[in-house]
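Subject: Structure for your review

Dear colleague,

Please find the structure for your review below. My notes on what was found in it follow directly after.

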Amino acid sequence: MHPASTKGTAVFQNGVHIVLSLEIKVDAHVRGYVGEQVKLKCIFKSTSSVTDKLTIDWTYRPPSSSRTESIFHYQSFQYPTTAGTFRDRISWVGDVYKGDASISISNPTIKDNGTFSCAVKNPPDVHHNIPMTELIVTERGFGTMLSSVALLSILVFIPSTVVVILLLVRMVRKSVGLKKRSKSGYKKSSIEVSDDTDQEEEDNCMARLCVRCAECLDSDYEETY
């Protein structure tokens, strides 16, 4: 997101030299996802203290259209729109005493794409340009879903892979040792027989652990989908 702002600069309006006394910052571009609440930031800085005369107005303009509609008004209290496509979907998330005039949109759809503007007036500070926010709402793609599944799979797969490798190394070393002893006609003592039994129990335990890890991986994969 790239912030857009206006601050204390001078402009000419109807031939009159006007100094912009408010600074307003918004995100020039905001990406949202269908059904997921999205926040539209609007931060302002005034040279005057905030009073009950401060007003905030949010408007919306659809793509390829010059028609604008008011979707939110604030003056001491919040007045979200009660008509149109944004009815019951605009929430106040700002704090005027902290210079925050942000709102949020619940259950956004692709039809909400367009340009939003935030206008603030804090008499006697009433002059400022109005920065725009372009909202782009899209469906969450397969790639996003896949990345979540991949991360979950990695967290389960890596530990189980390490266990399998350790088990294979132990089995190979044991096999090599048995071949060497077999060629030399070596006979195991009672202690070595006991050690081998313990080793077999450890190997069986590791094998069961590998199976359990694999079952967890399969279970997590099925729950994700």
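In which strand is Val 120 found? Val 120 belongs to strand β13, which covers residues 114–121. Please bear in mind throughout that this is a predicted model.

Overall composition

The protein has 225 residues, of which 29% are buried. Its secondary structure amounts to two helices and 14 strands. If one takes the contacts between residues at least 6 apart in sequence, 58% of them join residues at least 24 apart. The protein exposes about 14,600 Å², and carbon and sulfur atoms account for 57% of that area.

Val 120 and its surroundings

To return to the opening residue, Val 120 has a relative accessibility of 0% and counts as buried, because the cut-off for that class is under 20%. Residues up to four places away in sequence aside, Val 120 touches Leu 22, Ile 24, Cys 42, Phe 44, Leu 54, Thr 55, Ile 56, Ala 101 and His 128. Val 120 also lies 9.6 Å from Ile 43, C-alpha to C-alpha, although 77 residues separate the two in sequence.

Strands β5 and β14

Strand β5 pairs with β14 in the parallel sense, over five bridges. One face of β5 is covered and carries Val 30 and Gly 32, whereas the uncovered face carries His 29, Arg 31 and Tyr 33. Within this pairing, Val 30 stands opposite Leu 135 in β14.

Leu 135 is buried, with a relative accessible area of 1%. Apart from neighbours within four places in sequence, Leu 135 is in contact with Val 30, Gly 32, Val 38, Leu 40, Ile 105, Asp 112, Asn 113, Gly 114 and Phe 116. Both residues on the covered face of β5, Val 30 and Gly 32, are therefore among the contacts of this buried side chain's residue, Leu 135. Leu 135 and Arg 31 are 104 residues apart in sequence, yet their C-alpha atoms are 6.0 Å apart.

The sheet of β6, β12 and β11

Three strands form an open sheet with antiparallel pairing, in the order β6-β12-β11. Its edge strands are β6 (38–40) and β11 (90–92), each of which pairs on one side only. On average, and with direction ignored, neighbouring strands of this sheet are turned by 30° against each other. Strand β12 comprises residues 103–105 and is joined to β6 by three bridges. Leu 40 has Ile 103 of β12 as its bridge partner.

Salt bridges

Side chains of opposite charge can pair when their charged atoms come close. How many salt bridges does the count come to? The count comes to five, and three of interest are described here.

Arg 140 and Glu 36 form a salt bridge through their side chains, at 2.6 Å from N to O. Arg 140 sits in the loop between β14 (132–138) and α1 (142–183), and Glu 36 in the loop between β5 (29–33) and β6, so this pair ties together parts that are 104 residues apart in sequence. Arg 140 is partly exposed, at a relative accessible area of 38%, and Glu 36 is likewise partly exposed, at 33%.

Glu 23 and Lys 25 also meet in a salt bridge, at 3.8 Å from N to O. Glu 23 is buried at 17% relative accessibility, whereas Lys 25 is partly exposed at 42%.

Glu 69 pairs with Arg 67 in a further salt bridge, with the closest N and O atoms 3.7 Å apart. Here Glu 69 counts as buried at 18% relative accessibility, while Arg 67 is partly exposed at 45%.

Polar contacts of Ser 46

Ser 46 lies in strand β7, residues 42–46. Which side chain does the side chain of Ser 46 meet in a polar contact? The partner is the side chain of Asn 122, at 3.0 Å. The side chain of Ser 46 also reaches the backbone nitrogen of Ser 48, at 3.1 Å. Beyond its neighbours within four places in sequence, Ser 46 is in contact with Ser 21, Leu 22, Asn 122 and Asp 125. Asn 122 thus appears both as a polar partner of Ser 46 and in its list of contacts.

With kind regards

Key. Residues numbered from 1 in each chain as written. Predicted model: local features only at pLDDT ≥ 70, side-chain atom pairs only at ≥ 80, totals over all residues. Heavy atoms only, no water. Helix = DSSP H or I, 4+ residues; strand = E, 2+ residues; numbered from the N terminus. Buried < 20%, exposed > 50% of the residue type's maximum accessible area, 1.4 Å probe, protein only. Contact = heavy atoms within 4.5 Å. Areas by Shrake-Rupley, 256 points an atom, 1.4 Å probe, with all protein chains shown as cover. Pairing = 2+ DSSP bridges. Axes fitted to C-alpha atoms, helices over the stretch in contact; angles between N-to-C directions. Salt bridge = Lys/Arg side-chain N within 4 Å of Asp/Glu carboxyl O. Polar contact = N/O pair within 3.5 Å; in protein donor to acceptor, adjacent residues only side chain to side chain.
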